Amino acid sequence: MTLGSHLTPLARSHIEQADVVFAGLSDGAVEMWLQRMHPDVRSLQPYYAEGKSRMQTYRQWVELMMTEVRAGKRVCGVFYGHPGIFAWSPHKAIEVARAEGFDAHMEPGISAEDCLYADLGIDPGRFGCQHFEASQLLFYERKIDPTGYLVLWQVGLVGDLSLKRFSTGAAYRQVLVDLLSQDYPLDHEVIIYRAATLPIQRPEIRRIALRELPAAELTTEHTVVLPPAAPLKLNLAMRERLAALDRETTMA
Ligand SMILES: C[S@@+](CC[C@H](N)C(=O)[O-])C[C@H]1O[C@@H](n2cnc3c(N)ncnc32)[C@H](O)[C@@H]1O
């Protein structure tokens, strides 16, 4: 996630030992840094295009990597954050490679999620934490639990059914706010978060009210967090059952 500091020694060793490296990174500077580690780094960024389905781009990425694998090369795909979090191609490439009899492995990385817990001082174990891709929350009927944290990814392009746009905008975010207002008051705190991708940057943390989300400045690199809006509720039936079990086990 952050240039220089978040690459694990094992990930670095996979990069250095590969014959070809494909790069799906967030930042041109990070890509240049990667190029210093390997003589054959091929950027996946040029395959994105406005008006072109992201699914088409992601399938192309898998094919590009698999073409080299099939040619007998040792291939390393480098994706920012954790390669398996909100990322379709790395999972798919591994699935296809294994189905064709090749060895394939995913090395975990430090995700925006990990940075978020550290920078915002959130422990997901305290109240629980739900993660949703923001559009999925609109496209499908999901159950939000406002007694835990809610983390929304890709809010910058919320509601994009076409998969062809890189941002949607205020009207689309208003639909998201309308949905969220079923579980949260409109003055509930919303945290707009961006982890540092360069060591000279500070994490960006903006706190606004839910009603302000449509007008807020938001890019594809921001993640949105809603802290709990209600206290945890005791499950009396389960407590009763556990107490009965305790009585049984201490008597036995
Ligand atoms: C396609 S996903 C990739 C996530 C990445 N694999 C990871 O592990 O962080 C893109 C989404 O990740 C989140 N994201 C990406 N860069 C971020 C950053 N610098 N800070 C916070 N969230 C970020 C945003 O929600 C964005 O819409």
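**Exercise 1. The shell around the ligand**

Task: Sort the residues of the shell around the ligand into nonpolar, polar and charged, then find where they come from.

Solution. Step one is the sorting: 9 residues of the shell are nonpolar, 8 are polar and 2 are charged. The model is a predicted one. Step two is to pick out the nearest: among the 19 residues around the ligand, these are Gly81, Phe86, Ser111, Ala112 and Ala195. Step three is to place the shell in the chain. Domain 1 (9-99) and domain 2 (112-226) each supply at least three residues to it.

**Exercise 2. Two domains and their contact**

Task: State how far apart the centres of domain 1 and domain 2 are, and describe the contact.

Solution. Taken over C-alpha atoms, the centres of domain 1 and domain 2 are 26 Å apart. The contact involves 13 residues of domain 1 and 10 residues of domain 2. On the side of domain 1 that touches domain 2, helix H2 (28-35) and helix H3 (54-70) are the elements that give two or more residues. The residues of that side comprise 5 nonpolar, 4 polar and 4 charged.

**Exercise 3. The largest nonpolar core**

Task: Find which residues have the most contacts inside the largest nonpolar core, and follow Phe22 outward.

Solution. The core holds 49 residues, and those with the most contacts inside it are Val21, Phe22, Ala23, Val78, Ala134, Leu152 and Val190. Strand S5 (residues 149-153) gives the largest share of this core, 5 residues. Both domain 1 (9-99) and domain 2 (112-226) contribute at least three residues to this core. Now take Phe22: with neighbours within four places in sequence left aside, Phe22 is in contact with Arg42, Leu44, Leu64, Met65, Val75, Gly77 and Val78.

**Exercise 4. Helix H9**

Task: Check the length of helix H9 (residues 236-251) and decide whether it is buried or in the open.

Solution. Helix H9 has 16 residues, which at 1.5 Å a residue should span 22 Å. Its end C-alpha atoms lie 22 Å apart, so the two values agree. Of the 16 residues of H9, the number buried is 0, so H9 lies largely in the open.

**Exercise 5. Two positive phi angles**

Task: Locate Phe86 and Gln154, and give the phi of Phe86 and of Gln154.

Solution. Phe86 sits in the loop between strand S3 (75-79) and helix H4 (88-99). Its phi is near 50°, positive although Phe86 is not a glycine. Phe86 counts as partly exposed because it has 14 C-beta neighbours inside 10 Å. Gln154 lies in the loop between S5 and helix H8 (170-180), with a positive phi of about 60°. Having 19 C-beta neighbours inside 10 Å, Gln154 counts as partly exposed, since a buried residue needs 20 or more.

Key:
Residues numbered from 1 in each chain as written. Predicted model: local features only at pLDDT ≥ 70, side-chain atom pairs only at ≥ 80, totals over all residues. Near = placed C-beta within 6 Å. Nonpolar A, V, L, I, M, F, W, Y, C, P; charged D, E, K, R; others polar. Domains from an automatic or database assignment. Contact = placed C-beta atoms within 7 Å. Helix = DSSP H or I, 4+ residues; strand = E, 2+ residues; numbered from the N terminus. Core = buried A, V, L, I, M, F, W, Y, C linked by C-beta atoms within 7 Å. Buried ≥ 20, exposed ≤ 12 C-beta atoms within 10 Å, placed from the backbone. Expected span 1.5 Å × (residues − 1).
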